[in-house]
Amino acid sequence: MTDVSNHNYPEKLDLDKIPKCPICSGCFLYHLSFHDVIAGQHKSYFNIYRCGSCYFLKILPEPTFDEIVSFYPEDYYSHQDYEAKEETTSFAHKFIDKLQNTILDLHYNKKPSSGLFLRSISWLFRNSISCMPVKQPKGSGMLLDVGSGSGYWIEKLSRYSWNCKGIDIIGKKSDKNIIGDFLKVPFETKFEYIRVHGVIEHVIDPDKYIMRISELLEENGECHISTPNSNCLSFKIFKKYWIGLDVPRHLQVFNDQNLVLLFKKYNLEVIRRSSELSSGAFISCIYIYLRDKFGIAPPHPNVWFFLVIMFLPLDFFMKWFNQSVNMVVVAKKPDNRQTTSS
Ligand SMILES: [Zn+2]
């Protein structure tokens with residue numbers, strides 16, 4: 001068992017210091033406490049509160065900007081950003097990279113350069129690519145990837161008629177990839193498609209993010225947001241060990257109902273909600289439990305890849321029953337010109 005006697009448990013907030021829920025103005029109630037098991041950056045425990053009305057989860061008191069910076073290891077990049085990591089050389093990441101290219105070729109009716117085996121696998125996994133445009137642009141073709149890291153996805157999507165830009169607070173700067181604050185960097189154009197994958201749960205003020213997305217979308221443009229959904233089976237089973245909490249880097253966790261309310265607040269119409277194939281989700285929860293209880297070390301990327309494959313049927317099962325750790329919510333900017341003219 002892990003010795004928690006040295007851990008620093010935060011005081012629970014006085015009732016008069018608890019803010020109102022930013023989504024529905026409901027009251028936050030203490031829900032659970034946990035610490036950073038995955039990166040091991042902090043031994044301190046953090047208190048997570050839950051809105052009594054819409055079940056929005058939030059770390060309270062809100063960490064300061066400097067504290068948030070300290071939550072991230074120096075080599076931190078978004079978890080899907082394989083190119084930014086040394087393990088890119090591993091078999092697992094090379095395979096995933098090729099598989100993603102083949103799946104995109106399949107969606108865009110482009111002749112794939114890969115062999116028959118990969119083409120067959122890509123057909124099986126064709127719906128696993130979400131939070132991504134899988135058809136040709138209809139408008140300007142401008143695409144913005146918020147949280148682009150090294151520009152991994154904008155490089156891929158640029159091959160399919162999309163004029164891609166990326167923005168991230170850290171990452172690799174290029175003419176397509178801006179390093180800066182999404183809320184402050186001025187953009188010269190609006191976008192037909194905005195992709196926000198695994199970002200909204202990390203930011204200090206998600207309200208302002210959604211407002212900015214609404215401002216930057218073209219009429220009839222779409223925003224695809226992928227984020228953990230606390231309204232899923234694995235949260236009920238694993239509770240504080242649930243990978244979607246990722247304490248303390250996830251400052252808040254939405255569910256498939258309250259995120260819709262936030263979109264509505266900023267004139268965005270939710271047109272689709274779905275479960276994202278969260279490969280490795282179940283094994284990650286088990287790993288967090290074992291690491292917290294017994295201090296087991298992180299496995300080698302190839303061992304991890306093998307474990308992910310073993311648990312993949314369960315992750316597929318969760319997706320089919322809308323119980324994946326991550327959800328994708330698709331919202332559209334209504335064309336008010338049509339409304340006023342009709
Ligand atoms: Zn609420």
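**View 1. Cysteines and the count of disulfides in this predicted model.** A disulfide is a covalent bond between the sulfur atoms of two cysteines. In this structure the count of disulfides comes to zero, where a pair of cysteine sulfur atoms would have to lie within 2.5 Å to be counted. Cysteine 131 is in no disulfide, and the nearest cysteine sulfur, which belongs to cysteine 223, is 7.8 Å away. Cysteine 131 counts as buried because its relative accessible area is 2%, and buried means under 20%.

**View 2. The zinc ion and its four cysteine donors.** The protein donors of the zinc ion are the SG atoms of Cys21, Cys24, Cys51 and Cys54, and they lie 2.2 to 2.4 Å from the ion. What is the geometry of the site of the zinc ion? The site is tetrahedral, with angles of 97 to 115° among the four donor atoms. As a point of reference, ideal angles at a metal are 109.5 degrees for four tetrahedral donors.

**View 3. Where the zinc donors sit along the chain.** Read along the chain, the donors of the zinc ion follow the spacing C-x2-C-x26-C-x2-C. Cysteine 21 and cysteine 54 link distant parts of the chain, being 33 residues apart: cysteine 21 belongs to the segment before strand S1 (28-34), whereas cysteine 54 belongs to the loop between strand S2 (46-51) and strand S3 (57-59). Is cysteine 21 buried or exposed? Cysteine 21 counts as buried, because its relative accessibility is 2%. Cysteine 54 is also buried, with a relative accessible area of 10%, while cysteine 24, at 28% relative accessibility, counts as partly exposed.

**View 4. The packing of helix H8 against helix H9.** Helix H8 (residues 281-294) and helix H9 (residues 301-320) pack with their axes 6 Å apart, at an angle of about 120°, and therefore H8 is described as oblique to H9. On the side of H8, the contact is made by Ala281, Phe282, Ile283, Ser284, Ile286 and Tyr287. On the side of H9, the contact is made by Trp304, Leu307, Val308, Phe311, Leu314, Asp315 and Met318.

**View 5. The crossing of helix H2 and helix H3.** The axes of helix H2 (residues 91-107) and helix H3 (residues 116-124) cross at roughly 70° and come within 9 Å, so H2 is roughly perpendicular to H3. Phe95, Lys98, Leu99, Thr102, Ile103 and Leu106 are the residues of H2 that meet Phe117, Leu118, Arg119, Ile121, Ser122 and Trp123 of H3.

Notes:
Residues numbered from 1 in each chain as written. Predicted model: local features only at pLDDT ≥ 70, side-chain atom pairs only at ≥ 80, totals over all residues. Heavy atoms only, no water. Donors = N, O, S within 2.8 Å, 3.2 Å for Na, K, Ca; no water. Tetrahedral: all angles 85-135°; square planar, octahedral: opposite > 155°, others 65-115°. Helix = DSSP H or I, 4+ residues; strand = E, 2+ residues; numbered from the N terminus. Buried < 20%, exposed > 50% of the residue type's maximum accessible area, 1.4 Å probe, protein only. Axes fitted to C-alpha atoms, helices over the stretch in contact; angles between N-to-C directions. Parallel < 35°, antiparallel > 145°, perpendicular 65-115°, else oblique. Contact = heavy atoms within 4.5 Å.
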